[in-house]
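Please find below some remarks on the model under discussion, set out as numbered points. They concern backbone geometry first, and then a helix and a surface patch.

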Amino acid sequence: MYDFELVKPSSVADAAAALGDEDAQALSGGQTLIPTMKQRLAMPSKLVSLAGIEEMQGVAVSAVGGIRIGAATTHATVAKEVAGSYPALAALADGIGDPAVRNRGTIGGSLANNDPSACYPCGTLASGATINTNKRAIAADDFFVGLFETALEEGEIITSVDFPTPSAANYQKFDQPASRFALVGVMVAKFDDGVRVAVTGASESGVFRWSEAEAALNGNFSADAVAGLSVSADGLISDMHGSADYRAHLVGVLTMRAVAAC
Amino acid sequence: MPKDSGIGASSKRREDVRFLTGKGKYTDDMNVEGQAHCYILRSDVAHGTLDSVDTSAAADMPGVRGILTGEDFVEVGGLPCGWQVTDRFGEPMQEPKHPVIAHGKVRHVGDPIAVVVADTLAEARDAAEAIDVSITELSAVVDMAAALADGATKVHDDLTNNLCYDWGFVEENKDAVDEAIKGAHHVTTLELVNNRLVANPMEPRVAIGDYDASTNDHTLYTTSQNPHVIRLLMGAFVLGIPEHKLRVVAPDVGGGFGSKIYHYAEEAIVTVASKQFGCPVKWTSSRSEAFMSDAQGRDHVTKIELAMDENGKFLALRTDTMANMGAYLSTFSTCVPTWLHGTLMAGNYTTPLIYCNVKAVFTNTVPVDAYRGAGRPEATFQLERVIDMAAREMGIDPIELRMRNFVQPDQFPYQTPVAVVYDTGNYQGTMAKLLEVVDRDGFAARKAASAANGKLRGFGVASYIEACGIAPSSLVGALGARAGLYESATVRVNATGSISVMTGSHSHGQGHETTFAQVVSDMLGIEENAVEIVHGDTAKIPFGMGTYGSRSLAVGGSAMVKATEKIIKKATKIAAHLMEAAEVDVEFKDGQFSVAGTDKSVAWGEVCLAAYVPHNYPLEEIEPGLEESAFYDPANFTYPAGAYACEVEVDPDTGKVEICSFAAADDFGNVINPMIVEGQVHGGLAQGLGQALLENTVYDENGQLLTGSFMDYAMPRADDLPSFEVDHSSLTPCTHNPLGVKGCGEAGAIGSPPALVNAVIDALADKGVVHIDMPLSPSRVWAAMNQAG
């Protein structure tokens, strides 16, 4: 790790100001950034910790439906706080990493990093959530741009995420055996205005919606409706843990299982 | 009735008090006054000429004490290989120099290029980034078959090719084996890979060099399984430091599994750096460094053929293996695929004709050496897999086929056709015990229940035998070992009767401090707590060959028994004098010396005190004091054996394998501490099942290590494994060591991979799958089902 300066602002405005410096980098739970820095693969001159910003913490469940999760809320807190209001999202949060990761890692950090095998981008996209920043509100459909790429601008900070609550939802994660990130993960969420299906771990472009499955499920919300469907292996990840064909196959299997479990 | 102390008791591990309360003293916990830190700049390419290493800018960086490069080690020896293999044609193996720091060429990712010593590790690392290294990259040799092809790029320019040796065993049997296979009723052929593993002990390697210029004494603290061996190899062969000026200390060591047997470059580096730069120098491996600098394990590619008559009786066995040595010959690398592998090809069976060919190959990968089981897992895996496949092809039940071919209990001692003689065993006994533990009759119902849930259930067994208690010195010497493999012990009785035992065995998780104390206390009839086991320091222990190959109790324990017997003999003489009796009339029992037929007795403590306060003492007959040493060289290997069963469920939609149950019936001979033995079996099973299901070391075609961290190298976790059923009650004591013990450290890792793979293949047999190479990851299992279907 190289030397760096650490600042701990207590407000989003102060954090945004601190991030104005060249080479400054936001630090949330640090579950990706810190190991990267320890390997000297990243060398920010300044880390702006978001952990002490009160307005970015916690979960608020609205009486009329919908959940707002502060961006600096840890996975463990989300798992506990939304267990009643959005059990599928709670289960997703509870399956990330291990207890140490879940007690440090945050939803905002995970979304900003947009690892192609991470769980939260999948849960967020399937929920049709809205990502609120210090500048604007971004729909999940517009937020995830590509591999480790998001719509966030330089210095823009995610402050919270708004989740509409589905009438039924389920997340199926198939573990990569070593890292236990998602080799493939599929989230199915059923709303009054339609079904959303999001897939993580599979695509070289990161999380995506499987529109063909959504259309089939809108007509008939049952596992049988998606039994005959398959995603193309083109553009899917192929590595030592699974070929593109295997991942394409898993997308189908996990979607059926998610629907069946809804 | 279980005993509550001594031999046979499940005494609690006394070392756990410090380990479980964070008080263990590991090498990285040590910090020597004035210590500097070193960072090793390693090659990031697998193969290239090292054109220049310019350290001038780095030398001026803050905190830097000095920098070492390959130039600094040109005049010293290379890291030695401890075993010379002679090839099929009577020629010695090709043995390249293994420079401490790369010189002229780099030959694997991780090969050391330069060492920076600085006040802090961060400063050393900063300076290392300022070193200007110029490498002309060469094409890397990674695949073994490609490495052996004509015109292949050579890993070592001064060798003829990339073939270390072409070994045949038993060479005189070759033609007869070929003939028998040609004429057999049925031949089953299987090609398979034994996947390369990274040992990954919990504690990474650490070395501290501490040179005292005022006395010219060198001290090396290191994470080693055998400090005396390191002193011998580094002192005599690499750096030329005589034993009396070199102390090697291996304190608490957090697991080794073989990977901490070898003499590594870093040990020589810190020793040289400490003298050259005038300060103690510490090196601590990161986990990333461990992946590219710890010797790796296995990595065999094998074709095996088993010939049978119409009743399934084994007639002949032929096996051809390519064994990866990596870029250099690690300390025991050459004996693993030969003498620890070919000699076990008989397994538990009476196969009369066996021929084993092994080609050891240099590649641009990390060196490969012994890893838990070392050669024996590779032998067992291919044998137990081909037997299962043969059973299926012949339509014979796989257990029945094994039973038909087992060495019978009345055939011991059994001379195998591959040199070794099994002293004792009962393979039917362990198989029968296994079948008591597993409900094989209920399998059909369980399979049906799984099928109702959309799952495929399979049942597999494997037998195994291993050669442990390494090793008879004269035999291994004849086979090419450059050292004897005896063990030493000194039993020091203190004046008030307590005992310090100095053993050349080294405990790095095995629980010797408990088990060895149980043996000595039992022999002397004193409290276990009155016996202290001292190990891991060449300044305290006369000599030792260390711990590997399940040898500590069988060899080190036997030395300790011999020394304790000498103690009893001398103490009896003293007691006879104290009681004014004839020595022959004195009996020693339960810590009391007594004269037969009288009420005269004298306690252990009184005799010990007399030895050190010899006011009333037979000074004209024996010397004062009560301390004895013994060296024990075994007459034969020991042969633990057993039978394992595994039951799995496969999800046909995803290929994921779940281990439903695993049972092990082992014959370890006599057992000193059943709880510790069970723990050893559990650990071995976890590693064996890890190999079978999860672990794999992958290099790309350029020699880049793709599995360089736990993000891609899958270690077994607790939730990957079932609760194990283990039994060691069907036992045949070893006939040639005083305790009748065989060794239990490696068995689990040897017998479990084939049991698991056999179970998965059983589950998938209806789908036409006949073999899948380890690890049986979901993607591989799914691919196999789809290719076969």
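1. The loop of chain B that runs between β11 (246-249) and α7 (265-277) holds B:Phe257, and this residue deserves a look in what is a predicted model. Its phi is near 60°, which is a positive value in a residue other than glycine. The relative accessible area of B:Phe257 is 29%, so the residue counts as partly exposed, given that this class lies between the 20% limit for buried and the 50% limit for exposed.

2. A comparable backbone entry is B:Asp590, which is not a glycine and yet has a positive phi of about 50°. B:Asp590 belongs to the loop of chain B between β22 (586-589) and β23 (592-595). With a relative accessible area of 62%, B:Asp590 is exposed, because the threshold for that class is over 50%.

3. Two cis peptide bonds in chain B should be checked by eye, the one between B:Ile470 and B:Ala471 having an omega of about -5°. Of this pair, B:Ala471 is found in the loop that connects β18 (456-465) with α13 (473-479) of chain B.

4. The other cis bond leads from B:Met774 to B:Pro775, and its omega is near -5°. B:Pro775 is situated in the loop between α18 (747-764) and α19 (778-788) of chain B.

5. Helix α15 of chain B covers residues 552-578, a run of 27 residues. From its first C-alpha to its last the helix reaches 37 Å, which is close to the 39 Å expected at 1.5 Å a residue. How enclosed is α15(B) by the rest of the structure? Because 20 of its 27 residues are buried, α15(B) is largely enclosed by the rest of the structure. Just after this helix, B:Glu580 takes a positive phi, with a value of about 55°.

6. In chain A, attention goes to a nonpolar patch on the surface, formed by A:Met1, A:Phe4 and A:Leu6, which together have about 240 Å² of accessible area. Within this patch, A:Phe4 lies in the segment before β1 (5-7) of chain A. A:Phe4 has a relative accessible area of 31% and is therefore partly exposed, a value that also satisfies the requirement of over 30% for residues that make up a patch.

Key: Residues numbered from 1 in each chain as written. Chains lettered and ligands numbered in written order. Predicted model: local features only at pLDDT ≥ 70, side-chain atom pairs only at ≥ 80, totals over all residues. Heavy atoms only, no water. Helix = DSSP H or I, 4+ residues; strand = E, 2+ residues; numbered from the N terminus. Expected span 1.5 Å × (residues − 1). Buried < 20%, exposed > 50% of the residue type's maximum accessible area, 1.4 Å probe, protein only. Patch = residues over 30% accessible without salt bridge, like charges linked within 9 Å, V, L, I, M, F, W, Y side chains within 5 Å. Areas by Shrake-Rupley, 256 points an atom, 1.4 Å probe, with all protein chains shown as cover. Salt bridge = Lys/Arg side-chain N within 4 Å of Asp/Glu carboxyl O.
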